[in-house]
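Please open the model in your viewer and set the display to cartoon, then follow the stops below in order.

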Amino acid sequence: MIRGIMMVLMLLAGSESLAPVWAAPKGPAPLKTGDAAPIFMLRDLENNWVSIRDYCGKLRHPWKNKKKYIVVVSFWATYCKPCQKEIPELMKFQEKHKDDPIKVFCISLDKEGASIVAPFVKKKGYTLPMLLDPYKRTAQRYGVKTLPALVVIGPGGVVRYSSVGYKDDVPFQK
């Protein structure tokens, strides 16, 4: 996760065109740096539609949403213990960057959808926007095979970083 966060900070500094200078983590990466991020529109826990095109890439309603964001997407599930470690760290990250053009979304792959995710999120006190992908269509388009999977998308809609698994050495813990 450190690499992903470092990439986000590089993007904030205006270096979106830079590719990471380190080797990709071992194992399959959901997407490669430089790939166009697949478009998705998913429901949140309140049954509202959320589209990535409201935040980055070719905006859906450019007259309404004029600002583009760095979008951090974390694919997770309620049964995934490493995911339960990552989400609080992402919450801290979002809080730290609340005034920056960054949006963090967690996409649940639980097949039961909101009926299981909503009470779990409430019990855990998660405050990030939770999107539902019960049929795993978005996860498949992003090449997700392992949870958690993290993808950082630049304002232009291009993947800037992707990783799988949770790393204990995240920078917020220091």
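Before you trace this predicted model, it helps to know that helices, of at least four residues, and strands, of at least two, are runs assigned by DSSP and numbered from the N terminus. Select the whole chain, and you will find four helices and seven strands, which follow one another from the N terminus in the order α-β-β-β-α-β-α-β-α-β-β.

Next, select residues 41-44, which form strand S1, together with residues 49-51, which form strand S2. These two strands pair in the antiparallel sense, and three bridges link them. Four residues lie between the strands of this hairpin, and if you select Asn 47 there, you will be looking at a residue with a positive phi near 70°.

Now keep S1 selected and add residues 130-132, which make up strand S5. S1 and S5 also run antiparallel, joined by two bridges.

Which residues are the bridge partners of Arg 43 in S2 and in S5? Select Arg 43 and look towards S2, where its partner is Trp 49, and then towards S5, where the partner of Arg 43 is Leu 132.

Finally, return to the whole chain and switch to a surface display. Of the 174 residues in the chain, 48% are buried, while the area that the chain exposes comes to about 9000 Å², with carbon and sulfur atoms supplying 55% of it. If you display contacts between residues at least 6 apart in sequence, bear in mind that 70% of them join residues at least 24 apart.

Key
Residues are numbered from 1 along each chain as its sequence is written. This is a predicted model: local features need pLDDT of at least 70, side-chain atom pairs count only at pLDDT 80 or more; totals for chains, interfaces and linings use all residues. Side-chain values use heavy atoms; hydrogens and water are left out. Two strands pair if DSSP finds at least two bridges between them. Buried means under 20% relative accessible area, exposed over 50%, partly exposed in between (1.4 Å probe, protein chains only). Contact means heavy atoms within 4.5 Å. Accessible areas come from the Shrake-Rupley method with a 1.4 Å probe; for residues, only the protein chains shown count as cover.
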